[in-house]
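Good morning, colleagues. Please turn to the sequence and the structure that I will now display.

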Amino acid sequence: MRHAIRLPPREAIQGWLKGLAAAIAVGIFLALTGAFNSGQESLTWRLAYWPLMMGAGAAVGGVIAHLFTTWSALDERPILRGVLMSIAIALPLTGLIWVLTNLFVGGAWRVGDLSHLVAPVYIISAAMTALGHVMDRPRQTHGSPNQQPSVRFLDRLPPKLRGADVQAVQSEDHYLRIHTNRGSDMILMRMSDAVAELEGLEGAQVHRSWWVARNAVREVKRGDGRATLTLEGGLEVPVSRRYARALRADGWW
């Protein structure tokens, strides 16, 4: 059975573009300062080399990072995920740097030079991957206690659930199951789009497949490094390890 390829959500694409712009800005800075002994080259050469190098690296890293977000088996194994992602980024990036450097400096195209690039490129890839993990926080939505919130997602509720309190949203392939105090039903929608439209309700995406309303949580169970939220009505929701620390810091338990 063939599965449709999931394109990255708009928020992810916007993040890529911001990361690409930041990488190019760093490249311009490296060019202007003549970093890594490149000051002996002309400014024109440096302004061509460094932004291209940094932009290409950001593009490769962004694509591979998105592919890893679709690998759900690694959600609960962040260290293994980081090691594998660093390797996956470093391998093509090493080849890319080797090609670009030889093109710009008129190198001898010695394959043996690749061995000198692997270690530093992997170290940089691992450092950037670790930084990304630290900065990766659960997407939260916020309600206002002083006024009736206007929540776009509520307009998508099936007729039998209109007016119900949304307790959780669960991703099931290309569909979402909406859990409320009046039962549940399914709609065709992506989780990333749903979280954006849930703004106005206090909650968070606690797992790649779950968004939970904060006021629906009745109990938190912890053990073996994992956490599970028990909602009103008895529904149990797993908390991803990658989000657990941030949720705990935000006072979810």
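I shall discuss strand pairing in two parts of this chain. Please bear in mind that the model is predicted.

I begin with strand β6, which comprises residues 210-213. In general, strands of a sheet pair through backbone hydrogen bonds, either parallel or antiparallel. Strand β2, residues 166-172, runs antiparallel to β6, and three bridges join the two. Within this pairing, Ala-168 has Val-212 of β6 as its bridge partner. Strand β5, residues 203-207, also pairs with β6 in the antiparallel sense, here over four bridges. In that case Gln-205 is matched with Trp-211 of β6. Two residues lie between β5 and β6, and these strands form a hairpin.

Are the faces of β6 covered or uncovered? Both are covered. In a regular strand the side chains alternate between the two faces of the sheet. On one side of β6 we find Trp-210 and Val-212, on the other Trp-211 and Ala-213, and all of these residues are buried. Val-212, the bridge partner of Ala-168, is thus listed among the buried residues, as is Trp-211, the partner of Gln-205.

I turn now to the second part. An open sheet of three strands follows the order β7-β8-β9, with antiparallel pairing. Its edge strands are β7, residues 217-223, and β9, residues 236-239, each of which pairs on one side only. Neighbouring strands in this sheet are turned against each other by 25° on average, direction ignored. Between β7 and β8, the latter spanning residues 226-231, there are six bridges, and the two run antiparallel. Opposite Lys-221 stands Thr-228 of β8.

Thank you for your attention.

Methods:
Residues are numbered from 1 along each chain as its sequence is written. This is a predicted model: local features need pLDDT of at least 70, side-chain atom pairs count only at pLDDT 80 or more; totals for chains, interfaces and linings use all residues. Side-chain values use heavy atoms; hydrogens and water are left out. Buried means under 20% relative accessible area, exposed over 50%, partly exposed in between (1.4 Å probe, protein chains only). Two strands pair if DSSP finds at least two bridges between them. Axes are lines fitted to C-alpha atoms, for helices over the stretch in contact, and angles run from 0 to 180 degrees between N-to-C directions.
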